[in-house]
Amino acid sequence: MKKQDAKQLLGEVFDFGQTAYLGGASAVVTFMNSTNITVDADNLKNIEVTKKDLKVKTQLSGVPEKITFVSWGDNNKLPVEVMDKMYKNVGVAKNVEFNAQMVYGDDFMVLKRVRNKDGKIEAQEQLPSEQPKVFEFIEYNNLNRTRQEIGNDISLFQRSYVEIILSADRNIVSLRHLEACYSRVSVMNEKGKIEWHGYSAGWHNNKYPDDLVITPLLDSDAPLRDFLTRTGKLPNADGKTVDEQGMRYVLDVSTPTPGRFYYMKPYWWSIFESGWYDFACAIPEFKKALMTNSMALRYHVMISADFYDKLFKAEGITEEKKKKDRKAKFLKDMNEFLAGGENAGKSFVSQFRHDHAKGTDVQDIIIKPIEAKMEGGEYIEDSEEVSNIICYGMGVHPSLVGAAPGKNSPINGTEARELFIIKQALCKPIRDMITLPLLLVKACNGWDKDLQFSIANIMLTTLDKGTGSVKVIGDKKVN
């Protein structure tokens, strides 16, 4: 919209989808379009898959004729929606990437626990010549990529899966990461165990029968015992040793969250439900509308995502055209209310509700007068505030990812280094899950029982010790 067209906008209402411009009121409207990402454990939808409808046949005997999978979100699109929301916000996308990079750490270490001359147990790093089979397995399976994939999934969904593939001689020959976004799990059986993993790129658009692969899911509470029992290396509950001859199994390498059995709810998703994500996305929308309209604005009107849904329901409007017309009328009424000097002193009533769980008031409409002249620096302080809160919710210090911590909050190199060390220490639970598949391989393939696996930390050195970094496992430096 060009500057010379400004006079033509007077009194007009323009709806741009996520934003709207009220010409008479000189106001920009932004819609807080947040998706409800709460997974209600008591209201999960089920997806029944019949074995005869599958185009990709499972090779494992004993698969039931019908398996019921649990929908991830009300419409089974939740992971896709979360990914879309991540990429629409610079801060969220960068924080997810940063957390995944911190999980990756430094080298993958093969260690052997030995007793030293003082009788204490210590871990010695192994050479490829000392453990050739182990290093061959790691290199052949591109474990570096696998841990990157797991880090991405857990940082975003707090959930990840690894497929274990066996050879004819019943050794594990391959580990393959499975995208959490395309993974679904079956309903628990009567013993409280989730038995099946369904993998399909079409879950979110109801095309899952075309490429759905169903694989046994190992018991997340005792995956090693379950795997060894299924492959006949340990006796089952009846004391019998039975190899079910399965060639593929899926291992859950997720980190748990309380109250979730099927799909985790990451703690950082609180930025969606608290409204801070909406506010962070509204700021660039507002500034974009400001630049597009090339004129001074008097008001910024923020409308909640579900306002129109409640309005349509209250007035019994169901047809799409009538919904569009009602929305246009609302914007026109808002424009007339805010426009002109004759409206000075009028009162505006906006419905709000109190969220007892969060202790905050949730408003449907917020009208914020804009007093200062628009010169391009609007909402800088608000942008800094919301960036810091999002970083806080995602466990990332703003200074480590380049976000503005505020004019009065500089940090020096020592503080940054200590923050980096603390962040790596907090990654240990996820790194333990990344090494879990190799514990199954060790037990199945007969590797040395004293072997253990670890991901080294990157420790930034101080200037008096030279620039660069060293690798550290626990509190020991590895040369």
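**Notebook: helices, rings and charges**

Tyrosine 308 is buried, with a relative accessible area of 9%. I started there and should note at once that the model is predicted.

**Entry: the rings around tyrosine 308**

I looked up where tyrosine 308 sits and found helix H8, residues 307-314. Next I asked which ring in helix H9 pairs with tyrosine 308. Phenylalanine 330 does, and the two residues are 22 apart along the chain. I noted that this pair links distant parts of the chain. The geometry is edge-to-face, with 5.8 Å centre to centre and 85° between the planes. Phenylalanine 330 is buried, at 11% relative accessible area.

I then widened the search to aromatic pairs in general. The structure holds 16 of them. Another one that involves tyrosine 308 is its pair with phenylalanine 307. This pair is also edge-to-face: the centres are 5.4 Å apart and the planes meet at 65°. Phenylalanine 307 is buried too, with a relative accessible area of 13%.

I also logged a cluster. Phe108, Phe137, Trp447 and Phe453 form one aromatic cluster.

**Entry: helix H9**

Phenylalanine 330 led me to helix H9, so I cite its burial again, 11%. The helix runs over residues 320-338 and has 19 residues. I checked its span from first C-alpha to last: 27 Å, close to the 27 Å expected at 1.5 Å a residue.

Which residues of H9 are buried? I listed Arg326, Lys327, Phe330, Leu331, Met334, Asn335 and Leu338. I set a general point beside that list. An α-helix has 3.6 residues a turn, so residues three or four places apart point the same way.

H9 also carries a salt bridge between aspartate 333 and lysine 329. The closest N and O atoms are 3.0 Å apart. The two residues lie four apart, about one turn of the helix. Aspartate 333 is partly exposed at 33%, and lysine 329 is partly exposed at 46%.

**Entry: other salt bridges**

How many salt bridges does the structure have? The count comes to 17.

In helix H2 (residues 90-104) I looked at lysine 94 and glutamate 97. They are three residues apart, which puts about one helical turn between them. Their side chains meet in a salt bridge of 3.1 Å, N to O. Are these partners buried, exposed or partly exposed? Lysine 94 is partly exposed at 33%. Glutamate 97 is partly exposed as well, at 37%.

Helix H13 (residues 428-445) holds aspartate 432 and lysine 428, four residues apart, about one turn of the helix. These side chains also meet in a salt bridge, at 2.9 Å from N to O. Aspartate 432 counts as partly exposed, with 38% relative accessibility.

I found a network as well. Salt bridges link Lys193, Asp226, Arg230 and Glu244.

One charge goes to a ring. The charged end of arginine 147 sits over the ring of tyrosine 104, 3.8 Å from its centre.

**Entry: cysteines**

I looked for disulfides and the count came to zero. I checked the accessibility of two cysteines. Cysteine 427 is buried, at 4% relative accessible area. Cysteine 444 is buried too, at 5%.

**Entry: two asparagines with positive phi**

Most residues other than glycine have a negative phi. I picked out two asparagines against that background.

Asparagine 76 has a positive phi of about 65°. Where does asparagine 76 lie? I placed it in the loop between strand E5 (66-70) and helix H1 (78-87). Asparagine 76 is buried, with a relative accessible area of 4%.

Asparagine 142 has a positive phi of about 50°. I found asparagine 142 in the loop between helix H3 (132-140) and helix H4 (143-157). Asparagine 142 is partly exposed, at 40% relative accessible area. I note the contrast in setting: asparagine 76 is buried, whereas asparagine 142 is partly exposed.

Definitions and conventions:
Residues are numbered from 1 along each chain as its sequence is written. This is a predicted model: local features need pLDDT of at least 70, side-chain atom pairs count only at pLDDT 80 or more; totals for chains, interfaces and linings use all residues. Side-chain values use heavy atoms; hydrogens and water are left out. The expected span of a helix is 1.5 Å times one less than its number of residues. Buried means under 20% relative accessible area, exposed over 50%, partly exposed in between (1.4 Å probe, protein chains only). A disulfide is a pair of cysteine sulfur atoms within 2.5 Å. A salt bridge is a side-chain nitrogen of Lys or Arg within 4 Å of a carboxyl oxygen of Asp or Glu. Rings of Phe, Tyr and Trp (its six-membered ring) pair if their centres lie within 6.5 Å; planes under 30 degrees apart count as stacked, over 60 as edge-to-face and the rest as tilted. A charge sits over a ring if NZ of Lys or CZ of Arg is within 6 Å of the ring centre and within 35 degrees of the ring normal.
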